[in-house]
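Please open the model in a viewer and keep the sequence panel visible. The tour below proceeds selection by selection.

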Amino acid sequence: MGLALYDTRERRLRPFVPLVEGQAGIYLCGPTVQAGPHVGHLRSAVAFDVLRRWLLASGYAVTFVRNVTDIDDKILASAAAEGLPWFAVAAANTRAFSTAYDALQVLPPTVEPRATGHLPEMIALIGRLISAGHAYSTGGDVYFEVRSLPGYGALSGQSPAAMAPTEPQNGSAKRDPLDFALWKGAKPGEPAWETPWGPGRPGWHLECSAMATRYLGAEFDIHTGGLDLIFPHHENEAAQSAGAGDPFARYWLHNGMLDTAGEKMSKSVGNSLAVADVLESVRPQTLRYYLGAPHYRSSLDYSLDGLAEAEAAYGRIETFVRNALDALGGIGEAEALALEGETAGAKAAEEAFAAALDDDLAVPRALAAVHGAIRAGNVALTGDGAGLAGWLAAVRRMLTVLALDPVQWPAAGGADGRLRGVVDALVKVALRARADARERRDYAAADGIRDALAAAGVVVEDTPQGGRWHLS
Ligand SMILES: [Zn+2]
């Protein structure tokens, strides 16, 4: 079978055939950093992190490029409003984005190019477009001549005859209202770079063509981004590269939007969908599950109910992994036991998981395979334990692809993940002391130990196999 992906340009599922066998080059349109990240930004990041992780798990060497647009009208407006230099606003917000990506365990890009670091590449691309007769300079600006390029509109499925202008005219000397800016002539007080056509700054669409080509080559595998970028941004990127004679992206993938309108209007959540604020009340692994669980192409209505469902579903995953590790004696012991033999059921679950992800990253079906394996693992846990290590190993391998293996996340309460083992050992010392106290009928001492643990937030469950604990 192999991986098939839904290509926006061809509007169909296509088998993924890489340009170079065993390698995949991916470009993701990153943020314009006029403000910090909100939850909508993370939808795209998580969706294409799953794509990248699945390609890695399938044996590809992946080059993943995600840019930062660090010069733009909106950044200049934020800087003026905050009374700060434009580059200070861009740098602070770039750091806030990195923090948010890290919090959700989105793998760092192979390279994270900034627009202002790639002016030579952009100026060279403008030169090629002018020579090819697809761009012209006028009044200090340079424009792409939309009607000069046959096939403009193919990506978004429109014809130029039916299009409305995407940029204000601003009294510019554009030949045609549909033409878009490659280069914006300097205005007084704005940052500017020198070019053969006069000082100014780059247009947004230009930078992605220049940076994608710089790091992935004139032709590369997959261009990704949100559905809202298809037109005009991606249409214009495709036009610039086609105009310069570059084959550019072979597949175009777009994620559905996170619709925040409902929660924005709801007074109970306040107005902030800033990631830093959302993570005050939602665990990062829960937010990752919530954003990543639906199919990447479907739209998602942001809601507190949806977050609560994600917390419950992820809690079932955590409970199984924790109980299975307790029963098997720890991570090392569980992994050693799993090597002794795989059960047919666990293997079938992993095959269903792989088939789902190969089918245009069908995460809902992949998660159904995970939850099915957890149900089977729970049956083993309450029974004689046969096959438990195999179920646990399969569940953890599948969850690793989705960056949802609980072992890889900080323990509940925000403690560092490695501390879980330390706390576990300390709680076991206390539980042994409690058992000893009960044996010598010193119930006051036994109850005192239980109360001290409860006061520390440790809830003890007595099971036939001994005491088990979790955080309250
Ligand atoms: Zn872009």
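Begin with Arg441, which is exposed because only 9 other C-beta atoms lie within 10 Å, where 12 or fewer is the criterion. The model is predicted. Arg441 sits in the loop that links H15 to helix H16 (443-455). Its phi is positive, about 60°, although the residue is not a glycine.

Next, select Ala403, in the loop between helix H14 (388-401) and helix H15 (419-439). This residue, likewise not a glycine, has a positive phi of about 55°. Is Ala403 buried or exposed? Ala403 is buried, because 20 other C-beta atoms lie within 10 Å and 20 or more is what the term requires.

These backbone angles merit inspection for a general reason: most residues other than glycine have a negative phi, and most peptide bonds are trans. For a peptide bond of the other kind, go to the step from Phe231 to Pro232, which is cis, with omega near 0°. Pro232 lies in helix H6.

Now widen the selection to the elements around that helix. Strand S9 (residues 219-226), helix H6 (residues 230-243) and strand S10 (residues 248-255) form a β-α-β unit that is right-handed. S9 and S10 are paired in the parallel sense over seven bridges, and Glu219 stands opposite Phe248 in S10.

Keep S9 selected and add strand S3 (23-28). S3 also pairs with S9 in the parallel sense, over three bridges. Here Tyr27 stands opposite His223 in S9. Seven of the eight residues of S9 are buried, so the strand is largely enclosed by the rest of the structure.

From S3, follow the chain into the loop that leads to helix H1 (39-57) and select His38. Which residues does His38 touch, leaving aside those up to four places away in sequence? They are Leu273, Ala274 and Val275. His38 and Ala274 are 236 residues apart in sequence, yet their C-alpha atoms are 4.1 Å apart in space. His38 is partly exposed, since 18 other C-beta atoms lie within 10 Å.

Finally, display the largest nonpolar core, which has 115 residues. Those with the most contacts inside it are Ile126, Leu182, Val370, Ala373, Trp391, Leu392 and Val395. Centre the view on Leu182: not counting residues up to four places away in sequence, Leu182 touches several residues, among them Ile126, Leu129, Phe144 and Leu206. Ala135, Val142, Tyr143 and Gly203 are also touched by Leu182.

Key
Residues are numbered from 1 along each chain as its sequence is written. This is a predicted model: local features need pLDDT of at least 70, side-chain atom pairs count only at pLDDT 80 or more; totals for chains, interfaces and linings use all residues. Helices (H or I, at least four residues) and strands (E, at least two) are DSSP runs, numbered from the N terminus. Two residues are in contact if their C-beta atoms, placed from the backbone, lie within 7 Å. A nonpolar core is a set of buried Ala, Val, Leu, Ile, Met, Phe, Trp, Tyr and Cys residues joined through C-beta atoms within 7 Å. Two strands pair if DSSP finds at least two bridges between them. A crossover is right-handed if, with the strands pointing away from the viewer, the path from the first strand over the helix to the second runs clockwise.
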